[in-house]
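Good morning, and thank you for the time on today's agenda. Please keep the sequence and the structure in view while I speak.

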Amino acid sequence: MAKDTLTVTDNRTGKSYELPVTNGTVRAMDLRQIRTSEDDFGLMTYDPAFTNTASCVSRITFIDGDKGILRYRGIPIDELAEKATYLEVAYLLIHGELPTRTELDSFVHNITFHTMVHENIRELMDGFRYDAHPMGMLTSTVAALSTFYPDATDVHDADSRMLQMHRIVAKMPTLAAFAYRHRRGLPCVYPDNELSFAGNFLAMLFKMAERRYQPNPAVEKALDVLFILHADHEQNCSTNAMRGVGSSQVDPYSATAAACAALYGPLHGGANEQAIRMLQEIGSVNNIPEFIKKVKGGEGRLMGFGHRVYKNYDPRAKVIKKLAYEVFDAVGKNPLIDIAIELERIALEDEYFVKRKLYPNVDFYSGIIYQAMGLPMDMFPVLFAIGRSAGWLAQWREMLEDDEQKIARPRQIYLGEELRSYVPISERDNGFVAKPARPTKTP
Ligand code: ACO
């Protein structure tokens with residue numbers, strides 16, 4: 001009869017062990033009993049980059065990469081993009097359920113009334129060089145917020161936790177817009193409580209001398225949808241940073257700064273910039289066949305194509321592609337879209353890409369929209385961070401409320417030197433040669 005167990009035979013000792021299989025996983029700690037002797041530390045797993053290790057149980061986001069499925073709390077991403085607002089989605093991610101009208105009104109009120117930052121933050125921003133990268137400014141100032149809210153250190157107090165979550169979701173657009181204005185040498189624009197979450201962000205970015213900034217409704221809607229599409233993506237690099245750093249029970253501003261830093265990297269939040277650079281380099285639809293030939297020959301990659309998890313069309317890319325035309329109708333077409341559409345058409349018919357299951361990912365079209373909205377490339381990861389903050393916080397809260405979680409602390413395989421003595425500096429040029437390394441495990 002079928003059993004939910006795994007039988008392992010250790011050929012070093014001939015002993016067999018029966019390990020429980022739960023939710024398609026074995027517990028790494030169950031391997032510790034597999035030992036060759038009393039003083040053996042026990043068997044561990046080796047998984048650089050965590051490609052086959054579940055670090056947590058989560059009930060927030062579900063991805064089926066083969067089928068191209070992405071759901072937040074069970075609801076498909078395309079349904080949320082079409083029908084919900086970003087703040088509704090943020091509530092859903094954090095609380096687990098869609099809000100009632102009263103709950104949503106209260107949540108929106110809380111976020112709206114926490115958008116302001118202390119004047120010292122604005123002054124701090126002034127200290128950055130005129131050409132500082134906005135992602136560096138965002139990362140630093142979100143970390144600085146922890147010094148303004150000492151109550152945030154009480155991560156075990158549910159009310160305090162919720163207050164900090166409201167503050168972070170609310171203040172991220174303000175910090176992002178201040179960073180953008182600083183970069184452009186423009187005075188900061190303070191939040192406008194009469195506008196929507198996305199509308200207020202657009203006002204803080206683009207308001208000039210007019211009495212009141214009126215966001216373009218199509219752009220406002222598109223930005224809100226882009227925030228929804230980026231709101232969570234289960235255990236990606238920045239979310240893992242949020243959970244890992246948060247597991248030390250540091251305040252959530254410091255943990256969010258760590259997540260921002262992870263997102264800053266070109267392999268994570270920076271791929272849409274690379275996609276734009278690639279489209280600019282191709283320059284014309286006529287140059288696409290030559291470019292594809294080069295990619296197939298191993299000269300570079302088709303940026304915005306392929307994904308570690310999705311082996312099908314990224315469901316977010318489908319939504320963004322449609323959204324692009326709605327933005328172009330409002331603000332004018334970004335000519336790069338013609339190159340992108342043709343590139344996609346050719347690639348999806350080409351055996352090289354078909355065989356490797358390479359489809360457009362979220363980054364293929366998002367940069368084209370941001371550019372059409374008038375945003376420079378170095379703001380792309382900043383926009384990503386605003387949307388993702390709801391997901392980071394939902395994951396942070398889930399981690400803190402999970403009794404099985406402790407401070408994150410992976411093991412290592414030590415292959416360095418064995419015990420040796422300190423050599424005085426005067427004796428070090430005498431042909432001292434380190435002994436060859438021998439593998440040992442450390443507890
Ligand atoms: N263009 C051309 N060939 C590609 C591409 C691409 N974009 N992506 C993968 N391949 C090829 C590889 O050369 C490899 O071919 P081979 O089997 O002949 O060696 C095969 O497809 C598998 O590629 P891997 O690198 O093993 O796939 P992996 O899952 O590790 O990489 C990744 C995923 C990093 C996203 C990759 O597809 C890539 O570099 N894409 C371009 C960058 C990009 O768009 N990143 C954004 C990802 S979405 C996000 O992070 C928000």
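I begin with a cut-off: a residue is called exposed when its relative accessible area is over 50%, buried when that area is under 20%, and partly exposed in between. By that definition Asn23, with a relative accessible area of 76%, is exposed. The model we are looking at is a predicted one.

Asn23 has a further feature in its backbone. Its phi is near 50°, a positive value, and Asn23 is a residue other than glycine. Asn23 sits in the loop between β2 and β3. Gln249 also has a positive phi, about 70°, although Gln249 is not a glycine. The loop that holds Gln249 runs between α9, residues 237–246, and α10, residues 252–264. Gln249 has a relative accessibility of 41% and therefore counts as partly exposed.

Let me now step back to the whole chain. The secondary structure comes to 17 helices and seven strands. Of the 443 residues in the protein chain, 47% are buried. Along the principal axes, the C-alpha atoms fill a box of roughly 75 × 70 × 55 Å.

I turn next to the salt bridges. How many does the structure hold? The count is 21. One of them joins Glu404 and Arg27, with the closest N and O atoms 2.7 Å apart. This pair links distant parts of the chain, since Glu404 lies in the loop between α17 (380–400) and β6 while Arg27 lies in the loop between β2 (15–20) and β3 (61–64), 377 residues apart.

Another salt bridge brings together the side chains of Lys321 and Glu344, at 3.2 Å from N to O. Why does this pair tie together parts of the chain that are 23 residues apart in sequence? Lys321 belongs to helix α13, residues 315–331, and Glu344 belongs to helix α14, residues 336–349, so the bridge runs from one helix to the other. As for the accessibility of the two partners, Lys321 counts as partly exposed at 24%, whereas Glu344 counts as buried at 6%.

Helix α14 also holds a salt bridge between Arg345 and Glu342. Their closest N and O atoms are 2.8 Å apart. Because Arg345 and Glu342 are three residues apart in helix α14, about one helical turn separates them. Arg345, at 41% relative accessibility, counts as partly exposed. Elsewhere, Glu119, Arg122 and Asp126 are linked in a network of salt bridges.

The next topic is empty space. Rolling a probe the size of a water molecule over the atoms shows where such space is left. The second largest pocket has a volume of about 290 Å³. It is lined by 20 residues, and those closest to its centre are Leu87, Val108, Ser196, Phe197 and Ala198. Four elements give two or more residues each to this lining: α2 (86–95), α3 (101–112), α7 (197–206) and α8 (217–229). Which element provides the largest share of the lining? That element is α3, with six residues. By residue type, the lining of the second largest pocket divides into eight nonpolar, six polar and six charged residues.

On the surface, Tyr46, Ile413 and Leu415 form a nonpolar patch. Together these three residues have about 350 Å² of accessible area. Leu415 is located in the loop between β6 (413–414) and β7 (440–441).

I finish with two pairs of residues, compared by sequence and by space. Tyr313 is in the loop between α12 (288–296) and α13. With a relative accessible area of 12%, Tyr313 is buried. Tyr313 and Gly68 are 245 residues apart along the chain, and their C-alpha atoms are separated by 5.7 Å. The second pair involves Gly265, which is placed in the loop between α10 and α11 (271–282). Gly265 counts as partly exposed, at 22% relative accessibility. How far apart in space are Gly265 and Cys188? From C-alpha to C-alpha the distance is 27 Å, and in sequence the two are 77 residues apart.

That concludes the presentation, and I welcome discussion.

Notes. Residues numbered from 1 in each chain as written. Predicted model: local features only at pLDDT ≥ 70, side-chain atom pairs only at ≥ 80, totals over all residues. Heavy atoms only, no water. 1 Å grid on protein atoms, 1.4 Å probe; cavity = no way out; pocket = protein on both sides within 12 Å on 5 of 7 lines; lining within 4 Å. Points joined across faces, edges and corners; volume = space filled by probe spheres on them. Nonpolar A, V, L, I, M, F, W, Y, C, P; charged D, E, K, R; others polar. Patch = residues over 30% accessible without salt bridge, like charges linked within 9 Å, V, L, I, M, F, W, Y side chains within 5 Å. Areas by Shrake-Rupley, 256 points an atom, 1.4 Å probe, with all protein chains shown as cover. Salt bridge = Lys/Arg side-chain N within 4 Å of Asp/Glu carboxyl O. Buried < 20%, exposed > 50% of the residue type's maximum accessible area, 1.4 Å probe, protein only.
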